Amino acid sequence: MNISVEKIIIYGAVGFFLFIVFYIYIRKLKRESRVVGDKIKIAKEEGLHEPVSLHPVVDVNSCIKSGACILACPELDILGIINGKATVINASRCIGHGACFHACPTEAISLHIGTEKRGVDLPHLNQYFESNIKGIFIAGEMGGMGLIKNAVEQGRQAVDNLVKGIDKNKNTEYDLIIVGGGPAGISASLQAKKHGLKAITFEQDSLGGTVFTFPRAKIVMTSAMDLPLVGKIKLYETSKKELLDLWLTVLEKNKIEIYENKKVEKIISKKGEFEVVIKNGATYSTQKVLLAIGRRGSPSKLGIKGEDLQKVAYRLLEPELIKNSKIVVVGGGDSAIESTLLLMDENEVTLSYRKESFSRLKPKNNVKIKEAISKQKINIVLNSNVISIEEKTVHIKIEESNQNLILDNDLVYIFAGGKLPTQFLKNSGIMITRKFGEALLKHHK
Ligand SMILES: Cc1cc2nc3c(=O)[nH]c(=O)nc-3n(C[C@H](O)[C@H](O)[C@H](O)COP(=O)(O)OP(=O)(O)OC[C@H]3O[C@@H](n4cnc5c(N)ncnc54)[C@H](O)[C@@H]3O)c2cc1C
């Protein structure tokens with residue numbers, strides 16, 4: 001063979017160049033995998049790695065590490081690539097919009113509910129959204145599928161189904177009572193109006209449901225949807241304000257009122273009809289009930305004097321707008337601690353907790369609250385119980401000394417846990433099954 005020295009040098013240089021490129025690429029992959037590995041470690045420590053509801057599951061044999069799923073998901077660090085394959089990082093932060101599912105070029109992603117370790121309770125529903133209790137229907141996220149568009153769609157379909165069983169000769173006060181004023185409840189209320197039903201909607205909190213609790217600046221991802229009495233709405237990336245304004249306008253235009261701050265406590269079946277009991281004791285009879293109650297549950301109350309004052313809240317919305325206020329935060333879990341940390345710089349915050357120390361906090365919260373206490377950024381009252389709330393004060397009993405503390409006060413935030421929505425369903429006789437990792441959205445290959 002007759003290879004010239006020049007050729008040897010050229011082949012050698014090309015080979016060396018390819019080797020360097022390959023080496024840099026492998027190092028980059030390793031570095032990226034290490035970063036994702038570290039994120040998974042933190043997610044595990046903070047209890048965010050294990051999914052709580054809908055979440056992506058990656059078929060590693062089909063994944064070609066295109067990264068399309070990561071680019072498509074606007075919620076950061078739900079997915080990452082480790083050793084060349086996509087994997088979940090903060091699975092519990094997944095809100096189930098399925099952007100990753102649609103973006104994957106090799107259909108390697110499916111959306112599951114629950115895992116082998118942690119089951120998710122779902123009610124038994126037939127294809128008409130009717131539960132095992134004839135006449136009680138369920139729509140929206142409570143049924144398993146998250147997302148605004150799905151909730152709107154299901155609310156509409158559930159009413160289309162239940163309307164077939166309405167007997168106009170019956171003399172119940174209502175044809176239909178809708179429980180919940182989120183996307184599913186709003187859509188159902190509009191569709192009920194379209195069908196001319198005598199319907200009423202009760203919301204324990206604020207119109208908009210979970211959407212009402214979104215931060216102002218959040219980009220809300222959705223897709224084109226059919227809103228009853230409006231038609232096709234082509235929204236893709238929108239805001240909380242735009243959505244709430246849209247719903248308010250259409251409800252107002254059609255003279256539909258959603259009754260806020262009305263919690264439905266009980267549903268009593270009476271020979272194929274129902275009595276719906278509201279928190280203040282009022283009872284209404286109806287032929288059908290549609291539960292559009294979502295999955296957030298109901299916050300537990302303290303049951304003390306003054307808890308119904310306007311200044312008392314069970315969640316913290318827009319902390320950046322709260323300034324120069326005297327605030328009492330009640331509770332010792334992550335929600336209470338995170339709210340305290342968000343409020344303490346611009347306000348005077350007292351944290352009241354009934355136990356003598358915090359337990360089971362996320363490590364990051366534990367460190368930050370200890371630091372805040374040592375720097376005297378908050379006033380902390382352990383072993384204490386809030387016993388009454390007045391217009392301008394809060395009365396706290398310190399258990400050990402049996403003393404009462406009276407604090408000047410503008411706002412109270414109570415984080416005393418909550419009741420799961422499934423408990424409400426069980427009390428109404430609705431059958432529930434625990435799902436351990438069932439695929440709700442998958443490609444049929
Ligand atoms: C942080 C976060 C971000 C999200 N981002 C998006 C997004 O970008 N795009 C998207 O499509 N989806 C998103 N979602 C999901 C979306 O918000 C939900 O899937 C959707 O709101 C479900 O609608 P729903 O009507 O079924 O339930 P909800 O919106 O939860 O409404 C249920 C309502 O029922 C009320 N209720 C419950 N019990 C009672 C009772 N006993 N009496 C009276 N009222 C009761 C509740 O107070 C609540 O207002 C997000 C969710 C979260 C948590």
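## Contacts and overall layout

Two residues count as in contact when their C-beta atoms, placed from the backbone, lie within 7 Å. By that yardstick, 68% of the protein's contacts between residues at least 6 apart in sequence join residues at least 24 apart. This is a predicted model, where local features need pLDDT of at least 70 and side-chain atom pairs count only at pLDDT 80 or more, while totals for chains, interfaces and linings use all residues. Numbering starts from 1 along each chain, following its sequence as written.

The C-alpha trace spans about 105 × 65 × 40 Å along its principal axes. There are nine helices and 28 strands, taken as DSSP runs (H or I of at least four residues for helices, E of at least two for strands) and numbered from the N terminus. Of the 445 residues, 35% are buried; that label needs 20 or more other C-beta atoms within 10 Å of a residue's own, with 12 or fewer making it exposed and anything in between partly exposed, all with C-beta atoms placed from the backbone.

## Domains

The protein splits into domain 1 (5-113), domain 2 (125-297 + 421-429) and domain 3 (312-417), with bounds that come from an automatic or database domain assignment. The C-alpha centres of domain 1 and domain 2 sit 39 Å apart. Their contact takes eight residues from domain 1 and six residues from domain 2. On the domain 1 side, the touching residues are five nonpolar, three polar and no charged. Here Ala, Val, Leu, Ile, Met, Phe, Trp, Tyr, Cys and Pro count as nonpolar, Asp, Glu, Lys and Arg as charged, and the others, Gly among them, as polar.

## Around the ligand

The shell around the ligand holds 36 residues, and Gly-140, Gly-180, Gly-182, Gly-209 and Gly-294 come nearest. To be in it, a residue needs its C-beta atom, placed from the backbone, within 6 Å of the molecule. The shell divides into 17 nonpolar, 13 polar and six charged residues. Helix H4 (148-162), helix H5 (183-194), strand E9 (220-221) and helix H9 (421-427) each supply at least two of them.

## Helix H4 up close

H4 runs 15 residues and reaches 21 Å from first C-alpha to last, close to the 21 Å expected at 1.5 Å a residue; the expected span is 1.5 Å times one less than the number of residues. Eleven of its 15 residues are buried, so H4 is largely enclosed by the rest of the structure. The cover over those buried residues includes strand E6 (136-138), strand E7 (174-179), H5, strand E10 (225-227) and strand E16 (283-291).

Two residues of H4 make a handy pair to look at. Arg-156 is buried, with 22 other C-beta atoms within 10 Å, and touches Ser-187, Ala-188, Gln-191, Asp-226 and Pro-228, not counting residues up to four places away in sequence. Lys-149 is partly exposed, with 19 other C-beta atoms within 10 Å. With that same sequence exclusion, Lys-149 touches Thr-222, Ser-223 and Met-225.

## Nonpolar cores

A nonpolar core is a set of buried Ala, Val, Leu, Ile, Met, Phe, Trp, Tyr and Cys residues joined through C-beta atoms within 7 Å. In the largest, with 48 residues, Ala-139 and Leu-290 touch the most other members. H4 gives the most to this core, with six residues. A second, separate core of 26 residues includes Ile-81, Ile-109, Val-120 and Met-221.
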